[in-house]
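User: Please take a close look at one part of this structure, the place where two helices pack against each other, and then follow the strands around it. I would like one connected account.

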Amino acid sequence: MSTTTSPTTGRRVPPLGGFNPTVLGLELRRMLRNRRTLFFSLVFPAALFLSFGTQSDWDHSVGNGNVAAYVLVSMALYGAALIAASSGASVGAERALGWSRQLRLTPLHPAAYVVTKTLVALALGAVAITTVNLVGVVQGKPLMAVGTWLACGALTLLCVLVFAALGVFVGYLMPGENAMQVLGPGLAILAFLGNVFIPMDESSLVYRIAEWTPMFGVAEISRAPLTGDLAWGAVPNAVGWLVVFVAGAAWRMSRDTARV
Amino acid sequence: MTTTLAGDVRPPALEPRPAALLLSGVTRSFGDVHAVRGIDLRIEPGEVVAFLGPNGAGKTTTLDMVLGLGRPTSGTVEVLGLEPREAVARGLVSAVMQSGGLLQDLTVRETVHYVASLFPHARPVDAVMEDAGITRIAGRVVAACSGGEQQRLRVALALLPDPALLLLDEPTTGMDVEARRSFWSTVRRDAAQGRTVVFATHYLEEADQYADRIVLVAQGRIVADGTSAEVRALASGRIVRATLPAPSPAVLASLHDLPGVDSVEVRGEHVIVHADDSDAVARHLLTHTPARDLEITARGLEDAFLTLTQERPA
């Protein structure tokens, strides 16, 4: 420092609260380096599709397509939900490591951080959706119009936000490895209840309960372009759970501003 | 660390220079726990200040408020005339944390890049890594770095914005003697160029050797503030020892009557005086008595630390 620093001149605050492509790129690279996350959110859903989607009734018609297409959309949702939740949970892990504290010593605005993490979750969700769909294309059994295919993918991506928020919430409740140990089996159970793995008997009691669980609404929405049908409760379910998880995450985050 | 701040020249006469750090009547309570009970402190640019105190004295709480990580319950904190969060957003204040604070799955270079991308004025990544001595391990994943290497990475991150005020919380933990010495010589060189450094440490000799000024806190208050010698003198005064064979009771009484004398002790040929004002005792001994071989010693900083920070009624 050859001259005295003057606080009010010569020093700017970064634009966009510090949001920048370097951080986005590094955050993506971190998630893509995590082999376990990649296996469970890319390889595992693709394998599930290959086993569920090739059962004897695969070419039965469903709405504007066939059963294989129905299973494909469901599995893409499952994989994307898992990777987005894992990405969300990393926020809690970073806090436990003291990285959040390190970031608070930079101009990075909390909103820019949340936006970055959301974009990372969406990008990874897109990777999972694309991977599972590519497996479907290569396998050749799913049948639906290209427009339907794209619409399902886009809606699935939107629905992934619910699980990114869930990941942040759970990540704050139990930081580190524990979060994924709860989220992994937890999401599998939610997927069963959400009609994602195996279609449930609509007259059963379990179905009545399942209609209220977090993956039920988003699964209905993701498949709507294919089935041409949207249960009336699907959108309120998805929006409701998104609000619950975002509120939960915000509540936990605000509780620890005393010492970040 | 050679650093430049382009376009940052301003004639000093136009405005009074703000203090590097200014705390006025700062308190901070967590429910019934009063961590900080009223701190007033002014630190000028370029000072190297050691922040000493026992665990739970309120050091970290105070440093957190300087970084804007916590708000004072009452009072104000200003960094270079700005709100702490404003100063942080402009890269004017940064800190090296004691532990943690690093992502284990990034490499050293990626970590520096990450943080550098957040500052519009970040110094070049390569130069900062060179200064912090981590160029050789740039490609290594943080999880594979030793404690000392991680600490050097934290130092690099803190130096990226070229801060005017640098806070160090136990900065040399985990460093060997050589690394510690080179770390402090870097800090002193930066301070000579105008950087203000405030560090908390539990190595008293580090405070003694490297700080211009020592601020001693206990139970949320400043109990001593001054140079190392002044702080030591505050606690226990100094010891004046001289050779004075067979002193008469009148001589001993005259010593006792000097201002600030705590005790006068005769041991064989020697007289030992504990006093706050050692100069007055020495002057008296040399001019009014036949004393010779006079020796003045200060009590250690550790004694001062213990005396000044002991529990006292609130």
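Analyst: In this predicted model, helix α3 (residues 108-116) of chain B packs with helix α5 (residues 147-159) of chain B at an angle of about 25°, the two axes being 9 Å apart. Because angles under 35 degrees count as roughly parallel, that value makes α3(B) roughly parallel to α5(B). The handedness of the crossing of α3(B) and α5(B) is right-handed. On the side of α3(B), the contact is formed by Val108(B), Thr111(B), Val112(B) and Val115(B), and these meet Leu153(B), Ala156(B) and Leu157(B) in α5(B). Sorted by character, the residues of this contact comprise six nonpolar, one polar and no charged.

The helix α5(B) also leads to a sheet, since it lies across β5 and β6 of chain B and runs at about 180° to β5(B). The strands β5(B) and β6 (residues 165-169) of chain B are joined by four bridges and run parallel. Within that pairing, Val96(B) stands opposite Leu168(B) in β6(B).

Both strands belong to an open sheet of six strands in chain B, whose order is β5-β6-β7-β3-β8-β9 and whose pairing is mixed. At the edges of this sheet stand β5 (93-96) and β9 of chain B, and because each has a single partner strand, one side of each is left without a neighbour in the sheet. From one strand to the next, the twist of the six-stranded sheet averages 20°. As background to these pairings, strands of a sheet pair through backbone hydrogen bonds, either parallel or antiparallel.

At the β9(B) edge, strand β8 (residues 213-218) of chain B pairs with strand β9 (residues 221-226) of chain B in the antiparallel sense, over five bridges. One of the positions in this pairing is Leu216(B), whose bridge partner in β9(B) is Ala224(B). The hairpin of β8(B) and β9(B) has two residues between the strands, and in this hairpin Gln219(B) takes a positive phi near 50°.

Chain B holds a further open sheet, of three strands, with the order β2-β1-β4 and antiparallel pairing. Its edge strands are β2 (33-43) and β4 (74-79) of chain B, each of which pairs on one side only. In the three-stranded sheet the twist averages 20° from one strand to the next. Strand β1 (residues 21-30) of chain B is joined to β2(B) by eight bridges, and these two strands run antiparallel. Along that pair, Ser29(B) stands opposite His34(B) in β2(B).

For the wider setting, chain B is divided into domain 1 (13-231) and domain 2 (238-298). The C-alpha centres of domain 1 and domain 2 of chain B lie 44 Å apart. Chain A, by contrast with the sheets described above, has 10 helices and two strands, and its elements run from the N terminus as α-α-β-β-α-α-α-α-α-α-α-α. Taken along the principal axes, the C-alpha atoms of chain A fill a box of roughly 75 × 35 × 30 Å.

Key
Residues are numbered from 1 along each chain as its sequence is written. Chains are lettered from A and ligands numbered from 1 in the order in which they are written. This is a predicted model: local features need pLDDT of at least 70, side-chain atom pairs count only at pLDDT 80 or more; totals for chains, interfaces and linings use all residues. Axes are lines fitted to C-alpha atoms, for helices over the stretch in contact, and angles run from 0 to 180 degrees between N-to-C directions. Angles under 35 degrees count as roughly parallel, over 145 as roughly antiparallel, 65 to 115 as roughly perpendicular and the rest as oblique. A crossing is left-handed if the near helix is turned anticlockwise from the far one by less than a right angle, and right-handed if clockwise. Two residues are in contact if their C-beta atoms, placed from the backbone, lie within 7 Å. Ala, Val, Leu, Ile, Met, Phe, Trp, Tyr, Cys and Pro count as nonpolar, Asp, Glu, Lys and Arg as charged, and the others, Gly among them, as polar. Two strands pair if DSSP finds at least two bridges between them. Domain bounds come from an automatic or database domain assignment.
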